[in-house]
Amino acid sequence: MPEQTALIYLGRINGVHGVRGWVKIHSDCRPRETIFSYSTFIAKRGSRSSSELKLTDGRTQGKGLVAKFEGIDDRDSAYALNGLSLYVPRSALPEPDEDEFYWADLIGLTVINQTGETLGEVKELFETGANDVMIVRSPNNKEILIPFAVPEYVLEVDFERNVMTVDWSLDWLENE
């Protein structure tokens, strides 16, 4: 399993809401309101040093999310938080159910197919609406897009071996 002290990205502050220190939140959690189940965040802006933010309140507001953090009581203080990325330690996440995974845990796994050929390493995952998609960086530095569909394409995830087995052929890539 992944290192429990690693920081996991949950979302970012992307604006201010009102004049009393509330901020707008973009959440990468599913469902998105799950971000409010965490009380303390590590907030970072790029490679600058991090700070801790304590959530005092959060709610849906129209089609978005808004949050209030301890000590942030006016629009100027809230504006200073704009653009911060919000993280929690991996150990703060609940353990996933059997055959469920956090995307962050899949990054870096070696991807092989059923015949044992190495396709590359998982670099990123993203949503498309129909199904999630993995970006796999091949040994020759090409990107391979593989649907993250279990069990249709993703057959096994083995964290002990750091390997994901997929139903995907190198032959399918020759026409790219």
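Begin with the contacts across the whole chain of this predicted model: of the contacts in the protein with a separation of 6 or more, 51% are accounted for by residues 24 or more positions apart.

Next, colour the chain by secondary structure. Two helices and twelve strands make up the secondary structure of the protein. Followed from the N terminus, the elements run β-β-β-β-β-α-β-α-β-β-β-β-β-β.

Then display the C-alpha trace alone and turn the view along its principal axes. The trace spans about 60 × 30 × 30 Å.

Switch now to a surface representation. The accessible surface of the protein comes to about 10,400 Å², and carbon and sulfur atoms contribute 46% of that area. As for the interior, 36% of the 176 residues count as buried.

The charged side chains may be selected next. The protein carries 18 positive and 29 negative charges. The mean position of the positive charges lies 14 Å from the mean position of the negative charges.

The final stop is the largest pocket, with a volume of about 980 Å³. Select D28, C29, R30, Y102 and W103: of the 28 residues that line this pocket, these are the closest to its centre. Which elements give two or more residues to the lining? They are strand 1 (7-17), helix 2 (103-106) and strand 8 (118-127). Showing these three elements together with the five residues closest to the pocket centre completes the view of this site.

Notes:
Residues numbered from 1 in each chain as written. Predicted model: local features only at pLDDT ≥ 70, side-chain atom pairs only at ≥ 80, totals over all residues. Heavy atoms only, no water. Helix = DSSP H or I, 4+ residues; strand = E, 2+ residues; numbered from the N terminus. Buried < 20%, exposed > 50% of the residue type's maximum accessible area, 1.4 Å probe, protein only. Contact = heavy atoms within 4.5 Å. Areas by Shrake-Rupley, 256 points an atom, 1.4 Å probe, with all protein chains shown as cover. Lys, Arg positive; Asp, Glu negative; His and termini not counted. Charge placed at Lys NZ, Arg CZ, Asp CG, Glu CD. 1 Å grid on protein atoms, 1.4 Å probe; cavity = no way out; pocket = protein on both sides within 12 Å on 5 of 7 lines; lining within 4 Å. Points joined across faces, edges and corners; volume = space filled by probe spheres on them.
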